[in-house]
Amino acid sequence: MAGPIFVVIASVSMFFVAKFSMTDLVTDDYYKDGKHIDIQLHRDEEASKRRIQAQVLISPDMNAAKVFVSGDFDRKQPLKLLLMHPARKVDDQTVTLKAVSPEGAAKAEYDAVFKPLPNANHWYVRLEDGTGVWRVENKWLVSQGNAVSLTPPDKLFNGAASSAK
């Protein structure tokens, strides 16, 4: 009798472990996510048209960053830096950048302060304007240093233009 009772207790405990440690790796609504793909590609294309590029320098403590941005964008609009963990959405952070460069500088300089990032092999880093018109992003490999360049995916749009001809 002890064997079946042990199995029932283990099954119930595993049910609660699974229920309270669910992962958010899989989306619940594929249709809704699919509808937004075109909108997101439009933001990448807009960044490419504006020639927006950014350099993000993350502090060794991984709790602050300097961001240098160039291109044709409204410097009066707030910019957001998104740091996205590759597997755990709970570790994602969105930071509104604080402008520190003088008016008329060639590259706009911003400061970002955030909670220390947990250890990961890589992060996804995105810079976007506050109105959602453009974005630049890239994968940051932590082992390759604390700097990441963010550029629009020109190859995607050049390939689409050449296949349309």
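This passage walks through the fold, the sheet, the surface and the salt bridges of a predicted model.

Starting with the overall layout, the protein has four helices and nine strands. Read from the N terminus, the order of elements is α-α-α-β-β-β-β-β-β-β-β-β-α, with three helices ahead of the run of strands and a helix after it. The chain has 165 residues, and 28% of them are buried. As for contacts, among those with a separation of 6 or more, 56% involve residues 24 or more positions apart. The accessible surface adds up to about 11000 Å², and carbon and sulfur atoms supply 58% of that area.

Turning to the strands, four of them make up an open sheet, with antiparallel pairing and the order 4-3-7-8. Strand 4 (93–96) and strand 8 (135–141) sit at the edges, each with a pairing on one side only. From one strand to the next, the twist averages 20°. Within this sheet, strand 7 (residues 122–129) runs antiparallel to strand 8, and seven bridges hold the two together. One position that helps to find the register is Y124, which stands opposite K139 in strand 8.

On the surface, V8, V12, F15, F16 and F20 together make a nonpolar patch of about 540 Å². One of these residues, V12, belongs to helix 1 (residues 2–20). V12 has a relative accessible area of 45%, so it counts as partly exposed. That value also clears the bar for patch membership, because a patch residue needs over 30% relative accessible area.

Next come the charged side chains. Side chains of opposite charge can pair when their charged atoms come close. In this model the count of salt bridges is nine. One of them joins the side chains of R43 and E128, with N and O 2.5 Å apart. R43 is in helix 3 (residues 37–49) and E128 is in strand 7, so this pair ties together parts that lie 85 residues apart in sequence. Both partners, R43 and E128, are buried.

A second salt bridge brings together the side chains of D91 and R88, at 2.7 Å from N to O. Here the two partners fall into separate burial classes: D91 has a relative accessible area of 18% and is therefore buried, while R88, at 38%, is partly exposed.

The sheet has a salt bridge of its own, between E137 and R126, whose closest N and O atoms are 2.8 Å apart. E137 is in strand 8 and R126 in strand 7, eleven residues away, and the pair links distant parts of the chain. These are the two strands that the seven bridges join, which puts a side-chain link alongside the antiparallel pairing. Burial again splits the pair: R126 is buried, with a relative accessible area of 16%, whereas E137 is partly exposed at 28%. The cut-off for buried is under 20%, so R126 falls below it and E137 does not.

Finally, E137 and R126 are part of a wider arrangement, a network of salt bridges that links D44, R126, R135 and E137.

Note on methods:
Residues numbered from 1 in each chain as written. Predicted model: local features only at pLDDT ≥ 70, side-chain atom pairs only at ≥ 80, totals over all residues. Heavy atoms only, no water. Buried < 20%, exposed > 50% of the residue type's maximum accessible area, 1.4 Å probe, protein only. Contact = heavy atoms within 4.5 Å. Areas by Shrake-Rupley, 256 points an atom, 1.4 Å probe, with all protein chains shown as cover. Pairing = 2+ DSSP bridges. Axes fitted to C-alpha atoms, helices over the stretch in contact; angles between N-to-C directions. Patch = residues over 30% accessible without salt bridge, like charges linked within 9 Å, V, L, I, M, F, W, Y side chains within 5 Å. Salt bridge = Lys/Arg side-chain N within 4 Å of Asp/Glu carboxyl O.
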